[in-house]
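The following paragraphs lead the reader through one structure, from pairwise contacts to strands, core and ligand shell. Please keep the sequence and the coordinates at hand while reading.

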Amino acid sequence: MKLLIVDCCVSQRGANSRTRRLAEAYVTAFRASHAEAEIETVPPETLLALRPFDVEMLNERDALASVRAFDAPVFGLARQFREADRIVVAAPFWDLSFPAALRTYIEHISANGLAYHYDENGCHGDCRADRLVYLTSGGDFEREDSVGVAYWRQLTAMFGIPRFDYVFAGGLDARPDTAEEILTASCALARRLAEEK
Ligand SMILES: Cc1cc2nc3c(=O)[nH]c(=O)nc-3n(C[C@H](O)[C@H](O)[C@H](O)COP(=O)(O)O)c2cc1C
């Protein structure tokens with residue numbers, strides 16, 4: 001069993017990042033309940049160093065995909081994502097979704113022919129994971145149509161991962177007086193999700 005942590009906890013709060021607290025709650029509980037698991041992390045520095053795809057990069061990637069050269073470095077993150085058994089993505093709620101570095105990561109993992117493919121019936125996911133959990137914390141309260149959550153729900157389906165869960169610790173800046181309480185409850189939910197087999 002391999003857990004992949006996509007850690008996009010970019011925060012001015014440093015070690016006090018609320019999103020990181022959610023991620024740590026999840027990972028600590030996961031380790032305790034899955035002692036045999038191997039854990040791989042994509043850290044914030046890796047995400048922030050990724051380049052968005054330009055035309056030249058797309059053409060090169062398509063050329064490699066056309067000869068199924070999926071061992072090329074450009075597919076490294078997509079291979080790692082495809083091969084994980086469980087995935088947790090942690091990112092703060094920024095500008096109604098999440099940091100741009102995570103959007104660039106999505107470009108890198110969304111490799112047609114590797115992470116998913118098309119046939120006459122549409123798109124089919126080819127990733128191994130059975131579950132993806134999205135963890136986020138926001139200054140405002142959660143809205144029903146939260147873009148970041150909806151996006152990761154749809155990506156999870158596109159990649160062929162059957163189950164999606166999320167934790168949204170919302171209203172942390174809107175209501176500083178209840179922020180700690182909300183974060184504590186959100187960490188408890190993250191822990192429960194991590195403990196499930
Ligand atoms: C660049 C930036 C953009 C943000 N955009 C939003 C937003 O659109 N909606 C919102 O509710 N909070 C927004 N916030 C507030 C954060 O979501 C909130 O403080 C969150 O808990 C930060 O997590 P952290 O402690 O891990 O940094 C933003 C914060 C930053 C730094």
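Two residues are in contact if their C-beta atoms, placed from the backbone, lie within 7 Å. The model to which this criterion is applied here is a predicted one.

Consider Arg-191, which is found in helix H7, the segment of residues 176-195. Once its neighbours within four places in sequence are left aside, Arg-191 is in contact with Ala-25, Tyr-26 and Ala-29. One of these partners, Ala-29, is 162 residues away from Arg-191 in sequence, yet their C-alpha atoms are 5.4 Å apart in space. Is Arg-191 buried or exposed, or does it fall in between? A residue is buried if 20 or more other C-beta atoms lie within 10 Å of its own, and exposed if there are 12 or fewer. Because Arg-191 has 19 other C-beta atoms within 10 Å, it is partly exposed.

Helix H1 covers residues 18-33. Together with strands S1 and S2, H1 makes a right-handed β-α-β unit. The two strands of this unit, S1 (residues 2-7) and S2 (residues 38-42), pair in the parallel sense over five bridges. Within that pairing, Leu-4 stands opposite Glu-40 in S2.

A second right-handed β-α-β unit is made by S6, helix H6 (residues 147-158) and S7. Here strand S6 (residues 131-137) and strand S7 (residues 163-169) pair in the parallel sense, over seven bridges. The bridge partner of Val-133 in S7 is Asp-165. In a regular strand, side chains alternate between the two faces of the sheet.

The largest nonpolar core has 52 residues, and those that touch the most other members are Cys-8, Leu-22, Tyr-26, Val-88, Val-89, Ala-90 and Leu-135. The element that gives the most to this core is H1, with six residues. Tyr-26, already met as a contact of Arg-191, is thus among the core residues that touch the most other members. Leu-22, not counting residues up to four places away in sequence, touches Ala-90, Leu-135, Ser-137, Val-167, Ala-169, Ser-186, Cys-187 and Ala-190.

The ligand remains to be placed. Which residues are the closest to the ligand? Of the 18 residues that surround the ligand, the closest are Ser-11, Ser-17, Thr-19, Gly-139 and Asp-140. The shell divides into six nonpolar, six polar and six charged residues. Its largest share, three residues, comes from H1, the helix that also gives the most to the largest nonpolar core.

Methods: Residues are numbered from 1 along each chain as its sequence is written. This is a predicted model: local features need pLDDT of at least 70, side-chain atom pairs count only at pLDDT 80 or more; totals for chains, interfaces and linings use all residues. Helices (H or I, at least four residues) and strands (E, at least two) are DSSP runs, numbered from the N terminus. A residue is near a molecule or strand if its C-beta atom, placed from the backbone, lies within 6 Å of it. Ala, Val, Leu, Ile, Met, Phe, Trp, Tyr, Cys and Pro count as nonpolar, Asp, Glu, Lys and Arg as charged, and the others, Gly among them, as polar. Two strands pair if DSSP finds at least two bridges between them. A crossover is right-handed if, with the strands pointing away from the viewer, the path from the first strand over the helix to the second runs clockwise. A nonpolar core is a set of buried Ala, Val, Leu, Ile, Met, Phe, Trp, Tyr and Cys residues joined through C-beta atoms within 7 Å.
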